[in-house]
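Colleague: Please take me through the strand pairing and some local features of this one. Give the cut-offs as the terms come up.

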Amino acid sequence: DFGTVQTDGMISITQENGQWVLRPYPRYRNFRVLLNTTNFPMPATIKATGPYQSDLVPIAQGAYWQLPLNGNKTYSWPIN
């Protein structure tokens, strides 16, 4: 728990071309990622890129929102 991010795994979040890009480590297992809505406003959808490309819907969790990991390499959404 880092205040802005809560996880039981490891992630990298960077800004790239007007998008937040999240990379989970390890990718072989799904783990919990919660992002604080103050620093990361909840998007309507998240683009998952990798072997299981899809659009994901985040899940509201009080002052946080949960990113539903599904084994992809990256997850991206617009910077608000």
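Colleague: In strand 9, which residue is the bridge partner of Val21?

Modeller: This is a predicted model, in which local features need pLDDT of at least 70 and side-chain atom pairs count only at pLDDT 80 or more, while totals for chains, interfaces and linings use all residues. Residues are numbered from 1 along each chain as its sequence is written, and side-chain values use heavy atoms, with hydrogens and water left out. Strand 3 is joined to strand 9 (residues 74-78) in the antiparallel sense by 4 bridges. In strand 9, Val21 has as its bridge partner Ser76.

Colleague: How many strands does the protein have?

Modeller: Strands are DSSP runs of E of at least two residues, and helices are runs of H or I of at least four residues, both numbered from the N terminus. Along the sequence the pattern reads β-β-β-β-β-β-β-β-β. The count of helices is 0, and that of strands is 9.

Colleague: What is the order of the open sheet of 5 strands?

Modeller: Two strands pair if DSSP finds at least two bridges between them. Pairing in this open sheet is antiparallel, and its order of strands is 2-3-9-5-6.

Colleague: Which strands stand at the edges, each with a single partner strand?

Modeller: One side of each edge strand is left without a neighbour in the sheet, because each has a single partner strand. The twist from one strand to the next averages 25°, with axes taken as lines fitted to C-alpha atoms (for helices over the stretch in contact) and angles between N-to-C directions running from 0 to 180 degrees. The edge strands here are strand 2 and strand 6.

Colleague: How many bridges join strand 2 to strand 3?

Modeller: Strand 2 (residues 10-16) and strand 3 (residues 19-25) run antiparallel. One matched pair is Met10 with Tyr25 in strand 3. The number of bridges joining strand 2 to strand 3 is 7.

Colleague: Which residue takes a positive phi in the hairpin of strand 2 and strand 3?

Modeller: The hairpin has 2 residues between the strands. The residue in question is not a glycine, and its phi is near 55°. It is exposed, with a relative accessible area of 81%, where exposed means over 50%, buried under 20% and partly exposed in between (1.4 Å probe, protein chains only). The residue with the positive phi is Asn17.

Colleague: With which residue does Glu16 form a salt bridge?

Modeller: A salt bridge puts a side-chain nitrogen of Lys or Arg within 4 Å of a carboxyl oxygen of Asp or Glu, and a search of the whole structure finds 1. The closest N and O atoms are 3.1 Å apart. Glu16 is partly exposed at 31% relative accessibility, and Arg23 is partly exposed at 22%. The salt bridge partner of Glu16 is Arg23.

Colleague: Where is Pro26 found?

Modeller: The peptide bond from Tyr25 to Pro26 is cis, with omega near -5°. Pro26 is found in the loop between strand 3 and strand 4 (33-36).

Colleague: In strand 9, which residue is the bridge partner of Thr49?

Modeller: Strand 5 and strand 9 pair over 3 bridges in the antiparallel sense. In strand 9, the partner of Thr49 is Thr74.

Colleague: What separates the C-alpha atoms of Gln53 and Asn72?

Modeller: Gln53 is in the loop between strand 5 (46-49) and strand 6 (54-56), and is exposed at 54% relative accessible area. Leaving out residues up to four places away in sequence, Gln53 touches Ala48 and Asn72, contact being heavy atoms within 4.5 Å. Gln53 and Asn72 lie 19 residues apart along the chain, and their C-alpha atoms are separated by 7.0 Å.

Colleague: What is the order of the open sheet of 4 strands?

Modeller: Strand 1 (5-7) and strand 7 (59-61) stand at its edges. Strand 7 pairs with strand 8 (residues 64-66) over 3 bridges, and Gln61 stands opposite Tyr64 in strand 8. Pairing in this sheet is antiparallel, in the order 1-4-8-7.

Colleague: What is the radius of gyration of the protein?

Modeller: The radius is taken over C-alpha atoms, and the globule rule is 2.2 Å times the number of residues to the power 0.38. For 80 residues the rule gives 12 Å, and the protein is close to this, so it is as compact as a globular protein of that length. Its C-alpha atoms fill a box of roughly 30 × 25 × 20 Å along the principal axes. The radius of gyration is 11 Å.
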